[in-house]
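Colleague: I should like to understand the reasoning behind the terms applied to this structure. May we go through them in turn?

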Amino acid sequence: MEYIVVEGLPGSGKSTLTKDLAVHSELERIGEIISPNYKEVLIADVKSPTLQYFINSDERKMKLLNRLTNKKPVISDRCHLSTVAYTMCTENEDLIKKVKTWSKFFVKRFRSPDLFIYLDINPKI
């Protein structure tokens, strides 16, 4: 296993789990949102994120992933699949058309996880 992705609702513990696993294992961690200088950005610090913002972050994650997988296994908060899934849940028809087009691009260009973990946890607990 080289690429593990942890998904879940906001507040379900993705970042906590990936940080803990990275500290106590041989895993390299990639955070949820990656800035242009390849540093993690907290979602709370993002003002008015757009779909393009998340797509750009997904692209930067893939670049980091390509650099890191030669060295050791990688664990990541979310991946390009959640960008597609969350956007498809909107009622914006134009946005859905764009995402359908972009999802074909994602499949060709982005690597799929070797292991996908979904935290089915109520964030309010």
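The exchange below takes up salt bridges, burial and a surface patch in this predicted model.

Colleague: What makes the contact between R78 and E7 a salt bridge?

Modeller: The side chains of R78 and E7 approach to 3.4 Å, N to O. A salt bridge requires a side-chain nitrogen of Lys or Arg within 4 Å of a carboxyl oxygen of Asp or Glu, so the pair qualifies. In general, side chains of opposite charge can pair when their charged atoms come close.

Colleague: Where do R78 and E7 lie in the chain?

Modeller: R78 is in the loop between β5 (74-77) and α3 (80-88), while E7 is in strand β1 (residues 3-8). The two are 71 residues apart, and the pair links distant parts of the chain.

Colleague: How do you know whether R78 and E7 are buried or exposed?

Modeller: Buried means under 20% relative accessible area. R78 has 8% and is therefore buried. E7, at 5%, is therefore buried as well.

Colleague: Which salt bridge does R78 form with E32, and what does the pair tie together?

Modeller: The closest N and O atoms of R78 and E32 are 2.8 Å apart, so this pair too falls within 4 Å. E32 lies in the loop between β2 and β3 (33-34) and R78 in the loop between β5 and α3, so the pair ties together parts that are 46 residues apart in sequence. E32 has a relative accessible area of 18% and is therefore buried.

Colleague: Why is E40 called partly exposed, whereas R29 counts as buried?

Modeller: Partly exposed covers the range between the 20% and 50% cut-offs. E40 has a relative accessible area of 33%, so E40 belongs there. R29, at 19%, is under 20% and therefore counts as buried. E40 and R29 also form a salt bridge, with their closest N and O atoms 2.8 Å apart. E40 lies in strand β4 (residues 40-41) and R29 in strand β2 (residues 28-30), so the pair ties together parts that are eleven residues apart in sequence.

Colleague: How many salt bridges are there by this rule?

Modeller: The count comes to seven. In addition, E2, R111 and D114 are linked in a network of salt bridges.

Colleague: Which residues form the nonpolar patch on the surface?

Modeller: L9, L81, Y86, F116 and Y118 form the patch, with about 470 Å² of accessible area together. At least two of its residues come from each of α3 and β6 (115-119).

Colleague: What makes L9 eligible for the patch by its accessibility?

Modeller: Patch residues need over 30% relative accessible area; L9 has 38%, so L9 passes that cut-off. L9 is located in the loop between β1 and α1 (14-23).

Definitions and conventions: Residues numbered from 1 in each chain as written. Predicted model: local features only at pLDDT ≥ 70, side-chain atom pairs only at ≥ 80, totals over all residues. Heavy atoms only, no water. Helix = DSSP H or I, 4+ residues; strand = E, 2+ residues; numbered from the N terminus. Buried < 20%, exposed > 50% of the residue type's maximum accessible area, 1.4 Å probe, protein only. Patch = residues over 30% accessible without salt bridge, like charges linked within 9 Å, V, L, I, M, F, W, Y side chains within 5 Å. Areas by Shrake-Rupley, 256 points an atom, 1.4 Å probe, with all protein chains shown as cover.
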